[in-house]
Each structure stands twice: as C-alpha cells, then as structure tokens.
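Hello,

Here is the structure I promised to pass on. Please have a look before reading my notes below.

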Amino acid sequence: CWEVRKHNSSEWCHFVRSNPDCRLEGGLLHHPGAGQGPHRPLSLPSLTPQALWLLYLFIILGVTAEKFFCPNLSAISTNLKLSHNVAVFSLTSPLHGVTFLAFGNGAPDVFSAVVAFSDPRTAGLAIGAVFGAGVFVTTVVAGGIALVKPFTAASRPFLRDVIFYMVAVFVTFMVLYFGRITLGEALGYLGLYVFYVFTVVLCTWIHRRQRREGLAPAGPWEPEMPTDAEEQESSGTNSGDYGEEYQPLLPSRETSLRILTTALSPLDYRKWRRKPWYWRLFKVFKVPVELVLLLTVPVVDPDKDDLNWKRPLNCLHILTSPLLCVLTLKSGTYGLYQIHGIFPVWGLVTLVGSVLAIITFVTTSNEEPPKYHCVFAFLGFLASAMWINAAATELVNILRTLGIIFQLSNTVLGLTLLAWGNSIGDTFSDLTMARQGYPRMAFSACFGGIIFNILVGVGLGCLLQMTSGQLVVKLQPHSLLVWILAGALGLSLVFSFVSVPAQCFQLGKAYGICLILYYLAFLCVALLTEFRVIRLSA
C-alpha cells in the first residue's frame, strides 16, 4: 500500500480500493488514506479528525484500564482468595507490578501488541511499541523519579528485574535476527514470565522468613510501603469521600431511579470545585467516555460495604455488557450473524439479557448485594477487556493509516506515538508516587512492570496469530531502525545495571539527567535513521 504515493493523485482512490494490502481488518471505523482512498492526504483538514481521534483513543485506553479493568481485577483476586498470596504480593513492595497489578497497568500495551502482532503488516508497530516503551520507561520515567526525589534503590529487586529484562530483550533480539518465532519460542516467552513470577514469590518468601527469624534485618533493599492509615486517606481522597461530614445523619432509602442517576454521573461536584482548571478541562474530555463505560461495564469494589452494588445499574449491565461483547468481537461479525438466516445473534443476546435483568431486579434489593455479586466482577473484566481491545484495534489501524500517508515505518510510529501514548499513564502515576515519598516503589515499577509487557505481549500476540494455521510467525526487520531500537534498550539496561550498583544504589539528579539525555540522543538517532540521514552503506 506504500506504493500509492508513486502514482498520480488522481489514481490514489482506485489504487487503495483495489489493493488488498490497503484494507484494514478488525476496526470499527474506516480511515481515509487506508480504506477509502486519500484525496489530499497531507491537507490539515483531512488529518485533523484522525489526530483528534488518536488522542481520544489514548484517553479511552487509560480510563478503561484505570477505573474499570484494574478494579475488577482486584475484585476477582479477592474472590479467588488470592489476596493473601499472589495478589497481595503484587501490591507489596518487591512484587509490585508482577501479577494482577501488572496485568491491569500493562493492559493497553499488551492489547496493542497483541492486535499489532495479529497482522503481519503491523508486526513492526508492535516491536516498535514494546521496545520503544521499554526505552522510554527505563530512561525518561526512571530518570524523572531520580530528579523528583533522590533515593536509595531497592538493590536485590532491582538487580533481579534488570537481569530478567535483559534476558527478555536478548531473546527478542535473537528472534529478530532469525526473523521468525516458532510455537515453542512463543510458549517460551510466557514460560519465562511464569518463571519470573515464581522467582519473585520465592525470593520474597525467603526474605520474609529470614526477617521473622532475625537473620535478615530490614534494609534499604525493600521499597517502602504506605501505612494502612495513609492508604485509607489516599483512597478516600481519590474516591471523592471527604469524611463523615457528608454522611446523612439518619439512614434513608433511595429510590431505584435516584440510585441509577447517581451511579451514572461521572462527575463529583465536591471534587470539581476543589480541582484546578486544567483538571476540569481534561475531565470534560473524559466525561463522554466514562458515561459510556458506566453504562456497559460493571465495577465491583471489595473495599466498599455494599461492594459498589447499584441494583438498577447492575441489572442494566446484564443486558449491555454481553451486547457490547458480541458487537465488538471481530468488529461485530459474530453479533451481526443471523441464526439460520432469520434471527441475529445480537437480538438473541438482547432477549436473554433482558430476561435475566428482570429476574435479577425482582429477586434483589437496593440495600444488600446478592450472593452472586462476584459474577459482575468477571462480567466487568470481560467487558472492559473488550473495550480495550476495540480501542487498541482502532489505534493500530489509525497509526498504520498515518504511516501510509506520511510514508513512515510502523517501527518509528510504534516507538514514538504508540509507546508515548501507552506510557503516559504510568509516567504520571510513577512520578506522583515519587512526589508522595515513595520513589523506590515507583522505580521498582519501572523495571518490574515492563517485563510483563514484553514477555506477555510478544508471546501472547504470536500465539494468537498462530491460531490462524501458521505455526511460524515471520518477523522480518524492515530497516536499521529495528536494530537501533533493540540495541538502545539493551544498552540502557546495561547502563543502569552497571551504574546503579556503582553508586551504591544512591540515585540522584546526575543519574536522572544522564538517563534523560540518553533517551534524547536515542530519539535523535532513531529519527535520523527513519529519514535516511543515517543509513548503512551499500
């Protein structure tokens, strides 16, 4: 499809429509320039809607993962009795970002990689995003934490995470060198992550046992954790609960209509008055997304007395969530399928969902959640995953469209726009955590969380592509940029692996400045390579 620019502008539409390589699969929308033909691909009016839609897709990914995907994962871990082993470990210092929390935080990255790997034409986008996000997080985010608040790094968790990450990068480098991934290698990616989780659990158990026996004193290797009081205060502030002064003096029963309207309101007016103007402006952009998500995705909150049970809204979710799943799966192919050519699947789902919703509404009360309320956590997890997958599919399609229009490779789009968009949420959360006095925890998340992204993103993405019948996924590096990207990530890890112990794990502003300068130098080299200023001689 890149050859469209070699033809006259009058032939672009015919070329794009007749070329199978220009067809976008899996998206819900058609993007001019890839699916309908570019009339004036470089004109600002024709590109402005795509640019705004690209930014809005990042907002959808962030809001869905933060407010719907992660809370339901937490509720599932509680219901599966994992809160006292793996799930709690993922929330404690050495295992932060390893299991459920890593899945929640890395959902946009992993889904984007899986969608990109599902099509050989966009595999370079996944490679650029996985490696680009790795370079960005381990340099800009880690360096920003050191600049915001100098600290003493957690030695053993840091060394463990960096070693595992370097092994993952080396394995991916070898895969790119041979240009293919077999079934055994794809399973090896997932197996390596399972081994990493096992190592983290084992090391944490050994250290805690030594501390109980008095053999290992509590040292600076373990990141600090907020106390229970701090966690309660923080969670209360974030949820808009400002204390008992706003609680009613006498208990009162709310009507179902009032519960529904209150639950569907994405605005907290008390918080709105306290926030600055830029927060309000960003909130205005998020309100439509949050409203649609509230209508289609249930959220179970184990920290609340009522588990976030909203009877009228949850009964509505019994209808909307399954309907969302069938209409977004394979771009609605299954939902629009007609049974025996007469009755559509979405009609059957609507009928069954309506019956179940009415039964649930009649047999439950507004005050007390039913015993099967945990099922809504699984339903919310599935619905939010479908939203993330749909947004990631649209994101990959629009990036490929922009690549065709501007003649940019998928790799450079992945290491810039896709990597920055997926990492912006982690950047703000880690820097905020550092400002609040927990820089070691934020620094540990920089190296622990992205291991999940590369191992699960590449492994699962290739496995899903193999389900189409190909047991070998071909990954041909298209240019020198792929090798520069892999080498830059490996070099940044080696730099941290050597320099951090050399500083006795005392990280300050000098370390942060070096990392940020390294990323700027890498970005300059990558862009110069993309525009063929730097190239290999024949």
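What follows is a short tour of the core, the cavities, one helix and a few backbone angles.

Please keep in mind that this is a predicted model.

**The core**

Start with the nonpolar packing. The largest nonpolar core has 112 residues. Within this core, Ile181, Phe443, Ile454 and Leu475 have the most contacts. Helix H17, residues 439-466, gives the most to the core, with 15 residues.

Ile454 is a good place to zoom in. Setting aside neighbours within four places in sequence, Ile454 is in contact with Val130, Phe131, Tyr165, Ala168, Val169, Thr172, Tyr189 and Gly459.

There is also a second, separate core. This one has nine residues, including Ile76, Cys315, Ile318 and Ala357.

**The cavities**

How many cavities of 30 Å³ or more does a search of the whole structure find? The search gives three.

The largest cavity has a volume of about 100 Å³. It is lined by 14 residues. Closest to its centre are Asp109, Ala129, Val130, Ala133 and Asn453. Four elements give two or more residues each to this lining: helix H5 (107-117), helix H6 (123-148), helix H16 (410-435) and H17. H6 gives the most, with five residues. By class, the lining of the largest cavity divides into nine nonpolar residues, four polar and one charged.

The second largest cavity has a volume of about 70 Å³. Its lining has 13 residues, and those closest to the centre are Phe117, Ile127, Phe131, Thr172 and Val458. Here the elements that give two or more residues are H6, helix H7 (155-178) and H17. H6 again provides the largest share, with four residues. The lining of the second largest cavity has twelve nonpolar residues, one polar and no charged ones.

Some names recur. Val130 is among the residues closest to the centre of the largest cavity, and Val130 is also in contact with Ile454. Phe131 and Thr172 are among those closest to the centre of the second largest cavity, and both are in contact with Ile454 as well.

**Helix H15**

Next, look at helix H15, residues 375-406. Does its length fall short of what is expected, or agree with it? At 1.5 Å a residue, its 32 residues should span 46 Å. The end C-alpha atoms are 47 Å apart, which agrees. Of the 32 residues of H15, 25 are buried, so the helix is largely enclosed by the rest of the structure. Just after H15 comes Gln407, with a positive phi of about 55 degrees.

**Two more positive phi angles**

Which way does the backbone turn at Asn308? Its phi is positive, about 65 degrees, although Asn308 is not a glycine. Asn308 lies in the loop between helix H12 (277-296) and helix H13 (311-328). Is Asn308 buried or exposed? With a relative accessible area of 17%, under the 20% cut-off, Asn308 counts as buried.

Phe505 is the other one to check. Phi of Phe505 is near 65 degrees, a positive value in a residue other than glycine. Phe505 sits in the loop between helix H18 (480-502) and strand S6 (506-507). Its relative accessible area is 15%, so Phe505 is buried too.

Best wishes

Definitions and conventions:
Residues numbered from 1 in each chain as written. Predicted model: local features only at pLDDT ≥ 70, side-chain atom pairs only at ≥ 80, totals over all residues. Heavy atoms only, no water. Core = buried A, V, L, I, M, F, W, Y, C linked by side-chain atoms within 4.5 Å. Buried < 20%, exposed > 50% of the residue type's maximum accessible area, 1.4 Å probe, protein only. Contact = heavy atoms within 4.5 Å. 1 Å grid on protein atoms, 1.4 Å probe; cavity = no way out; pocket = protein on both sides within 12 Å on 5 of 7 lines; lining within 4 Å. Points joined across faces, edges and corners; volume = space filled by probe spheres on them. Nonpolar A, V, L, I, M, F, W, Y, C, P; charged D, E, K, R; others polar. Expected span 1.5 Å × (residues − 1).
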